[in-house]
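Colleague: Could you take a close look at one part of this model for me? I'd like to follow it step by step.

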Amino acid sequence: MDTLIGPVPDDWQIRRLDECCDVQPGPSGTTLRSTAYVIGGVPVVKAGDIGPEGISPSVSLDEETAKRLWPRYELCPGDIVLVRIGITTRHAMVTERQKRWLLGGSCIRIRVTRDISAEYLACYLTHPAVQEWLAEHTQRGVLPTLNGRKVREMPLVLPPAAVQRGVAEVARAIDTKIRAHKDVIQATRTLRELLIPQMLAGDPVLPEASVGRDA
């Protein structure tokens with residue numbers, strides 16, 4: 001059977017995204033007063049906060065405003081936050097630590113409701129054909145914008161639950177290895193920054209402190 005992502009087994013299903021998920025665009029910018037933004041309040045996830053490492057919030061709202069926006073724009077663990085304005089192929093999954101944070105106006109929340117694993121969906125969104133679909137359905141302009149209605153219409157390839165679990169498990173294992181390698185790279189970079197000034201100053205460096213010097 002041919003699909004958005006290419007041929008798949010005949011027993012897999014094709015659905016629209018909104019048949020399995022709730023799709024909620026963030027609030028309009030006019031909904032929030034400038035005075036509602038405070039330091040140390042309830043974090044709001046904006047497009048610029050979504051990156052390869054997940055979600056790193058840059059602004060927050062006061063409790064009163066947050067209560068007004070809950071539960072419609074509330075984020076829960078397992079939600080996927082998709083960039084609506086800007087580079088619309090980026091997304092991140094909400095973790096337990098980000099529970100009850102708020103969806104910003106430049107993003108769209110995708111919440112799984114039936115027949116699909118959130119982790120599988122997060123992997124599906126990274127498929128090159130899906131990324132291309134998102135880019136093609138982004139409205140061009142000064143600020144590229146992805147319409148919530150179009151996201152609801154996105155074709156979704158739905159394999160059996162066991163396949164979904166397998167995809168999620170492999171992705172989780174690879175992500176763990178990536179994080180481990182990044183930690184090693186960061187530690188090695190820090191070591192270099194410490195050793196080079198010391199060596200340039202004429203201080204001796206112990207052989208075990210050097211990295212790959214004899215390689």
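Which word fits Y120 by its relative accessibility, buried or exposed?

Modeller: Happy to! Y120 counts as buried, at 5% relative accessibility; buried means under 20% relative accessible area, exposed over 50% and partly exposed in between, with a 1.4 Å probe and protein chains only. A word on the basis: this is a predicted model, where local features need pLDDT of at least 70 and side-chain atom pairs count only at pLDDT 80 or more, while totals for chains, interfaces and linings use all residues. Residues are numbered from 1 along each chain as its sequence is written, and side-chain values use heavy atoms, leaving out hydrogens and water.

Y120 shares helix α2 (residues 118-124) with Y124, four residues further along, about one turn of the helix. Helices here are DSSP runs of H or I with at least four residues, and strands are runs of E with at least two, numbered from the N terminus. Y124 is buried too, at 4% relative accessibility.

Now for the rings. The count comes to one aromatic pair. It is Y120 with Y124: the ring centres lie 6.2 Å apart and the planes meet at 35 degrees, so the pair is tilted. The rule takes rings of Phe, Tyr and Trp (its six-membered ring) with centres within 6.5 Å; planes under 30 degrees apart are stacked, over 60 edge-to-face, and the rest tilted.

Another ring has a charge for company: R100 lies over the face of W70, at 3.9 Å from the ring centre. That needs NZ of Lys or CZ of Arg within 6 Å of the ring centre and within 35 degrees of the ring normal.
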